[in-house]
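Work through the exercises below with the sequence and the model open. Try each task before reading its solution.

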Amino acid sequence: MTFRTLALGTAVAALATAATAEVKVGMITTLSGGGASLGIDTRDGFMLAIDAAGRDDVTVIVEDDQRKPDVAVQLADKMIQSDKVDVLTGIVWSNLAMAVVPSATAQGLFYLSTNAAPAQLAGRGCNANYFSVSYQNDNLHEGAGAYATQAGFKNTFIMAPNYPAGQDSLTGFKRFYEGDLAGEVYTQLGQTDYAAEIAQIRASGADSVFFFLPGGMGISFLKQYADSGVDLPLVGPAFSFDQAILQAVGDAALGVKNSSTWSKDLDNAANAAFVAAFEEKYDRLPSIYAAQGFDTANLLLSAIDKADVNDDAAFQAALKEADFDSVRGSFSFAANNHPIQNVYVREVIKEGDIFTNKIVATAMENRDNAYVGDCKM
Amino acid sequence: MTFSLILEQVLNGLQSGIMLFLMAAGLTLIFGVMGLINLAHGSLYMVGAFCAAAVAGLTGSFVLGLAAALAGAALAGALIELVVIRRLYARDHLDQVLATFALILIFSEGTRWVFGSFPLYLDVPDALSGPVALPLGIQYPAYRLAIIVVGLVVAAGLFWLIGRTRLGIRIRAGENDREMIAALGVDIGRLYTIVFALGAALAGLAGALVGAIQSVQVGMGEPVLILAFVVIVIGGIGSIKGAFIGALLVGLTDTLGRIFLPELFKLVMEPSAATQAGSALAQIAIYVLMAAVLVWRPTGLFGARA
Amino acid sequence: MSTGQIGGQPPNPRGIFGPKKQGREALLNALVLLGLVIVPLWAVMADEPFTITLVTRAVIFALAAVGLNIALGLGGLVSLGHAVFFGIGGYAMGILAWHAQNYVPLFEWPVLFEGTKSMPVIWAVAVLASALAAFCIGLLSLRTSGVYFIMITLAFGQMFYYFAISWARYGGEDGMSIYVRNGFPGLNTLDPIQFYGLCLAALLLGLLLHARLRRAPFGLALNAARQAPERVRAVGLDPLRLRLLAFTLSGAITGLAGALFADLNRFVSPTMFSWQLSGEFIVFIILGGTARLFGPVVGAVLFVLMEHWLGALTEYWHIGFGALLLLIVLFGQGGVIGLIAGKARAHD
């Protein structure tokens, strides 16, 4: 970008800013209890972009949902009714998103998802005011399935907790996996002991294992799997491999492949700047949640520069342009306001004392999602 | 499904049952001697795991971590007994439920405040990592075998302590007649502190042992606490023997249910739906077991009193 | 050995304690009621709809705790699983409204039934379903008492929680969103203050029922069954039946609260079954004051206020809340009402 266009851009931006009213953003995310690390990363990534923009026409209100749907609903009511926010964002969990998003968009608010993107909101329940900046929930599982096919796995054992996200996960995996299934197992949500399932894996004659076990469940499984002596290749979505979890798993995760739409070594200028700025400010490595929070804030800022948030149609169009430098590189929206982006395969490595991921392959290029056709907007 | 796989699953059920026993034994002991229901027992489990992870992380020694878990949980137990629990013995169960519920809130958020929201790292010691070969071609993790052994040793130690030692005589006397042993000159306050700390140490030990193969995180104690309650209801309150049998029953039902119920459903349904339905049923299997025991014996298998 | 009797206070038809102290409690109750009427009305004038939402939440929690208080305060049954009935009430609303909203028949035989968005019908179903569940759980768990009872109710609560999570038909862990609040004949329930009026009316009915029960032969017999079951048996009453009836009634009221809560949030999920919620219901009662008619109300209001203000202040507000709870249990016998209205607990 030459100086001239830069200056022009700034001038246009300044003009647009002068024309628009102040934008109030309400962030509802999980800051206490078991899942707090995800919400904290979301908030920190989001605020990093907001602070860097250094503008005074955007206010962000952050509140803790304690990972409870009823608290999230209450916070949404408060932000809509008494803080009069224009945009809501920040929810980590699909069940909380389902509690908040449909009624928020029905009341004319914008919702930008930093993470949760359940199928219901991508298909028949899609809404012109709802944008997922993260992915569609199935994407990472689809990526894992595509990778399993590319890697030549013929007989995979698949496993997820018995709840909607888990069921979607196995469906997503099977969508792009072409081999046979050595076994399909639903574990319990919050289960901590996987000895029985590992014994099943050992006995199943599988040549690989796909698992979706977010949070503490993934930590438990990875440790127990490594200790069991079963050495079939593991594949999973990025949820069990973010920075916080990897440090708790330790050596047991080394070499495991996981699918992700982002990685800290993704080679583009926006990402390099983001990772450096995040480490500088918070003294830790960013996670995928931080990256998605950062992108969401930048998307929002880009739209504010183009349109008035009170003009629904114009603001929708401005968001849909996705005119910002995503840390994920190429990024655009499909017809149902969910991203079109690459899904990568990462491998867990050790850098010095820190466990982290590096990209080893691209599982899917410019993947949209399976629900575009169901969405009538 | 081969015979050796079934045998391995039975072993897994035993191992999870034995961990439950360590939790349930402390709970049932505390209830038996002091008549106290302690919801914060799960927090002591968590304290054990965090102490172990922190010390093992600093020193690199798993054994030191285990020692720290025992000491830390016992200390935390003694401390809350002296400051809070002591005032609750004469109260009704309602006050005990409330106060120990409050302790859970304080312990959970306090731990998060000190250690942060991220799970801690604790790993199996090198000497016990990896599987060992058992007869019938079973490959079984050495660490899990060690857990079974430790659990059995602790169980034996507890039976010996209660049945054969002076402390055990006092504990049994305390269960039967509190005024009497006070009249005999036993310092009942000290006895209670010791019993509570002992129960806490057992919970802490369980937390540390399990922490090495699971996730050390805030809130890890409550699911185990509720399972321990189920164990006690099945086994009978105040009975160590009941806790032992109850824990094994719950461990086996849970593990085998998870494996065999989906297989059973596959006989009549298509696989994907069968695994969903089967594991949904497996999730509530232990509660069905509990209900069945209640119908048959309202005071549990070995419970004397209602 | 404790047999699990709750040393609460007996119902007190004539007032053992002095009229002055009783008067002070009555005054406090009147003030609380007044506040529950005035604050939302003020919020309407000041255009602060969220305040109404907050008070509605408190009132619904209070109703749930009033339900629990029939088992706990009158019957001495410490149920640590009352969220089961709250959740069943919530799911009654969720399932009926979900079918109506999506035009999927709930059943086609003997007549076609497509669910309903009508509050009175939903409430009736919620009350009946939770009463039935309370009856069944009571039948099993009332065979025991004391600590067994606490643990068993907690375990049953967990069973329902896990079941709801894996019940894919109705959203599993995701729960169900109901986009538009259900209707009540003659009212616009979308208007916060009108919906609040319904909730407040339900709470007042619950309180009235509780007050009547205390004085009624049933309440007296229930209390007697707590203190001296043998004597009750001697006059030909069955303590188990009395308790079962109390537990069923208690579950039904908490179930109604669950249906209202679902309508407040326009959302139901398995967290309505969570054991923490059961614990919080007990907290409301103790915080306000055991065996006080308005104990659950004062407790619920305080809890919601603290959650709102302390929660905004610090992520670690549970530490302060836990400490406060401890202080109340250890030193503040009689809860907040006891602190204000004097130690009017009749220790018999």
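The exercises cover a disulfide, helix packing, one helix residue and two backbone angles.

**Ground rules.** This is a predicted model: local features need pLDDT of at least 70, side-chain atom pairs count only at pLDDT 80 or more, and totals for chains, interfaces and linings use all residues. Residues are numbered from 1 along each chain as its sequence is written, chains are lettered from A and ligands numbered from 1 in the order in which they are written, and side-chain values use heavy atoms, without hydrogens and water.

**Exercise 1. Find the disulfide and say which parts of the chain it ties together.**

Step 1. Apply the cut-off: a disulfide is a pair of cysteine sulfur atoms within 2.5 Å. A search of the whole structure gives one disulfide over all chains.

Step 2. Name the partners. A:Cys126 is joined to A:Cys375, S to S 2.0 Å. The link of A:Cys126 and A:Cys375 is right-handed, with 85 degrees about the S-S bond.

Step 3. Place them. Helices (H or I, at least four residues) and strands (E, at least two) are DSSP runs, numbered from the N terminus. A:Cys126 sits in the loop between helix H5 (119-122) and strand E5 (130-132) of chain A, and A:Cys375 in the segment after strand E13 (354-367) of chain A, so the bond ties together parts that are 249 residues apart in sequence.

Step 4. Check burial. Buried means under 20% relative accessible area, exposed over 50%, and partly exposed in between (1.4 Å probe, protein chains only). A:Cys126 is buried at 11%, and A:Cys375 is buried at 13%.

Step 5. Turn to two cysteines of chain C. C:Cys199 is buried at 1%, whereas C:Cys136 is partly exposed at 42%.

**Exercise 2. Describe how H9(B) packs on H12(B).**

Step 1. Choose the descriptors. Two packed helices are described by the angle between their axes and the distance between the axes. Axes are lines fitted to C-alpha atoms, for helices over the stretch in contact, and angles run from 0 to 180 degrees between N-to-C directions.

Step 2. Read the values. Helix H9 (residues 221-235) and helix H12 (residues 285-296) of chain B pack at about 25 degrees, axes 9 Å apart.

Step 3. Classify. Angles under 35 degrees count as roughly parallel, over 145 as roughly antiparallel, 65 to 115 as roughly perpendicular and the rest as oblique. H9(B) and H12(B) are therefore roughly parallel.

Step 4. List residues in contact (heavy atoms within 4.5 Å). H9(B) gives B:Ile226, B:Leu227, B:Val230, B:Val233 and B:Ile234, while the H12(B) side includes B:Ile286, B:Met290 and B:Leu294.

Step 5. Sort by class. Ala, Val, Leu, Ile, Met, Phe, Trp, Tyr, Cys and Pro count as nonpolar, Asp, Glu, Lys and Arg as charged, and the others, Gly among them, as polar. The contact of H9(B) with H12(B) has eleven nonpolar, no polar and no charged residues.

**Exercise 3. Which residues surround B:Val233?**

Step 1. Locate B:Val233. It lies in helix H9 of chain B and is buried at 2%.

Step 2. Set aside neighbours within four places in sequence. B:Val233 is then in contact with B:Met290, B:Leu294, B:Gly300, C:Tyr148, C:Met151 and C:Ile152.

**Exercise 4. Classify two packings of H10(C) by angle.**

Step 1. Take H4(B). Helix H4 (residues 93-115) of chain B and helix H10 (residues 275-288) of chain C pack at about 120 degrees, axes 10 Å apart. That makes H4(B) oblique to H10(C).

Step 2. Count classes. The contact of H4(B) with H10(C) has nine nonpolar, two polar and one charged.

Step 3. Take H2(C). The axes of helix H2 (residues 49-74) of chain C and H10(C) come within 9 Å and cross at roughly 80 degrees. H2(C) and H10(C) are therefore roughly perpendicular.

Step 4. Count again. The contact of H2(C) with H10(C) has ten nonpolar, one polar and no charged.

**Exercise 5. Where do A:Ala322 and C:Arg266 lie?**

Step 1. Recall the background. Most residues other than glycine have a negative phi.

Step 2. Take A:Ala322. Its phi is positive, about 50 degrees. A:Ala322 lies in the loop between helix H13 (312-321) and strand E11 (332-333) of chain A, and is buried at 6%.

Step 3. Take C:Arg266. Its phi is positive, near 55 degrees. C:Arg266 lies in the loop between helix H9 (239-265) and strand E2 (267-268) of chain C, and is buried at 12%.
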